[in-house]
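Please read the following account alongside the sequence and the coordinates. It takes the nucleic acid contacts before the packing inside the protein.

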There are 2 protein chains.
Amino acid sequence: MPKEIEFIFKSPDDSPGYLLGQLTMLWQRKQKKVLDPLNLTQTQFVLLAALGWLSKVSDAVTQIDIANQSNTDRMMVSKVLRTLEEKKFISRQEHQTDTRAKVITLTHEGAKILQKALTAVENTDSEFFSVLGERLPSFNQYMAKLTEQNKDH
Amino acid sequence: MPKEIEFIFKSPDDSPGYLLGQLTMLWQRKQKKVLDPLNLTQTQFVLLAALGWLSKVSDAVTQIDIANQSNTDRMMVSKVLRTLEEKKFISRQEHQTDTRAKVITLTHEGAKILQKALTAVENTDSEFFSVLGERLPSFNQYMAKLTEQNKDH
DNA sequence: CAATTATAATATACACGACAACAATAAACA
DNA sequence: TGTTTATTGTTGTCGTGTATATTATAATTG
């Protein structure tokens with residue numbers, strides 16, 4: 001390193017951004033291990049869960065609905081749903097009134113996998129965050145507040 | 001959705017994993033906007049910062065050192081450092097005593113960019129987490145504890 | 001010292017994640 | 001009604017992340 005240049009580094013433990021990044025990396029690696037045996041990736045699971053959630057209140061869920069529900073962009077949804085279709089976890093049909101849109105539904109197989117995945121992920125999360133103990137609700141509040149405050153612009 | 005199957009969804013606000021994922025997504029999008037003008041990606045910034053940090057105490061930083069410091073895996077470091085070399089932000093030389101290893105150093109240009117990036121990122125983080133106010137140290141403690149607890153296995 | 005084991009870096013493959021650009025069609029409105 | 005605008009979905013590109021396997025070389029040990 002050029003000797004004449006001095007950097008001012010904060011200690012990692014004082015940098016919430018750094019900590020957030022590190023923690024997320026660990027969490028995603030753990031999620032991956034849990035979902036791999038179910039033939040699902042993290043994103044595939046999230047989109048499948050979003051579809052399951054939306055299906056409770058609508059019988060004509062479109063790709064845009066899934067994108068909005070999961071805060072994913074529509075290109076990602078398009079690509080991942082194609083993969084999920086190949087895996088026979090979902091099916092895509094023409095929309096009745098809007099020929100641009102596609103109606104996405106869970107297959108039996110997809111519903112079964114989603115059930116397993118929801119349970120597995122919840123158990124893993126429970127263990128991952130267990131160190132917080134009774135402080136978990138407080139942690140959740142922090143996270144929810146931060147998410148709310150930083151949405152959009 | 002197959003009508004006979006019922007899913008049990010937790011409310012998103014009660015799921016720390018979901019919240020962590022959502023928050024990280026927002027944070028990464030914001031980081032990207034800040035780093036784009038500096039011709040750096042998130043990962044490139046992290047590795048550059050790890051290199052800067054290590055350079056303070058060592059004059060023979062290897063790729064493995066950077067990988068360990070940043071908790072990134074070796075392949076990632078190999079690929080990203082190649083890109084950073086093309087951008088003239090770092091240089092890679094043969095190691096004196098270990099011919100397998102490469103010694104990584106910041107170039108002048110790289111050091112200047114890193115300085116700018118460190119400032120920009122810290123300002124962005126400061127704004128991103130400002131809603132926490134005086135609860136920030138508490139939040140940092142939660143994050144540090146979670147990270148520590150979930151390292152490795 | 002020779003054989004085994006561990007380590008540093010790379011090659012390749014698959015799957016995101018963000019973005020730009022595009023085609024088709026629906027909705028809004030002059 | 002006809003034109004503009006918005007919406008739905010797709011394709012393609014760049015840059016991660018993770019896993020497996022490979023090459024070269026260092027370190028360990030029988």
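A polar contact is a pair of N or O atoms within 3.5 Å. In this predicted model, one such pair links a phosphate oxygen of DNA strand D to an N or O atom in the side chain of Arg29(A), at 3.1 Å. A phosphate oxygen of DNA strand D also lies 2.9 Å from a polar backbone atom of Ile64(A). The bases are reached too: a polar side-chain atom of Lys79(A) is 3.1 Å from a base oxygen of DNA strand D.

The elements that each give two or more residues to the surface near DNA strand D come from both protein chains. In chain A they are helix H1 (16-35), helix H3 (63-70) and helix H4 (74-86), and in chain B they are helix H2 (42-55) and helix H4 (74-86). H4(A) gives the most, with 5 residues. In total, 26 residues surround DNA strand D, and the closest are Ser78(A), Arg100(A), Lys102(A), Thr41(B) and Gln44(B). By class, the residues of this surface are 12 charged, 8 polar and 6 nonpolar. On the DNA side, sugar or phosphate accounts for 65% of the atoms of DNA strand D within 4 Å of the protein, and bases for the rest.

The next topic is the packing of helices within chain A. Two packed helices are described by the angle between their axes and the distance between the axes. For H1(A) and helix H5 (residues 108-128) of chain A, the angle is about 140° and the axes are 10 Å apart. The crossing of H1(A) and H5(A) is right-handed. H1(A) brings Leu23(A), Leu26(A), Trp27(A), Lys30(A), Gln31(A), Val34(A) and Leu35(A) to this contact, where they meet Ala117(A), Ala120(A), Val121(A), Thr124(A), Asp125(A), Glu127(A) and Phe128(A) of H5(A). The contact has 9 nonpolar, 3 charged and 2 polar residues.

An unreviewed UniProt entry annotates residues 13-151 of chain A as "domain: HTH marR-type". That span is 65% helix and 7% strand, and its end C-alpha atoms lie 25 Å apart.

In chain B, Ser91(B) sits in strand S1 (residues 90-94). Its side chain makes a polar contact of 2.8 Å with the side chain of Gln93(B), and another of 2.8 Å with that of Thr105(B). Beyond neighbours within four places in sequence, Ser91(B) is in contact with Val103(B), Ile104(B), Thr105(B) and Thr107(B). The C-alpha atom of Ser91(B) is separated by 8.8 Å from that of Leu81(B), 10 residues apart along the chain.

Methods:
Residues are numbered from 1 along each chain as its sequence is written. Chains are lettered from A and ligands numbered from 1 in the order in which they are written. This is a predicted model: local features need pLDDT of at least 70, side-chain atom pairs count only at pLDDT 80 or more; totals for chains, interfaces and linings use all residues. Side-chain values use heavy atoms; hydrogens and water are left out. A residue is near a molecule or strand if one of its heavy atoms lies within 4 Å of it. A polar contact is a pair of N or O atoms within 3.5 Å; within protein, one must be able to donate a hydrogen and the other to accept it, and residues adjacent in sequence count only if both atoms are side-chain atoms. Helices (H or I, at least four residues) and strands (E, at least two) are DSSP runs, numbered from the N terminus. Ala, Val, Leu, Ile, Met, Phe, Trp, Tyr, Cys and Pro count as nonpolar, Asp, Glu, Lys and Arg as charged, and the others, Gly among them, as polar. Axes are lines fitted to C-alpha atoms, for helices over the stretch in contact, and angles run from 0 to 180 degrees between N-to-C directions. A crossing is left-handed if the near helix is turned anticlockwise from the far one by less than a right angle, and right-handed if clockwise. Contact means heavy atoms within 4.5 Å. UniProt positions are given in the numbering used here, feature names are shortened, and annotations may be inferred rather than shown by experiment.
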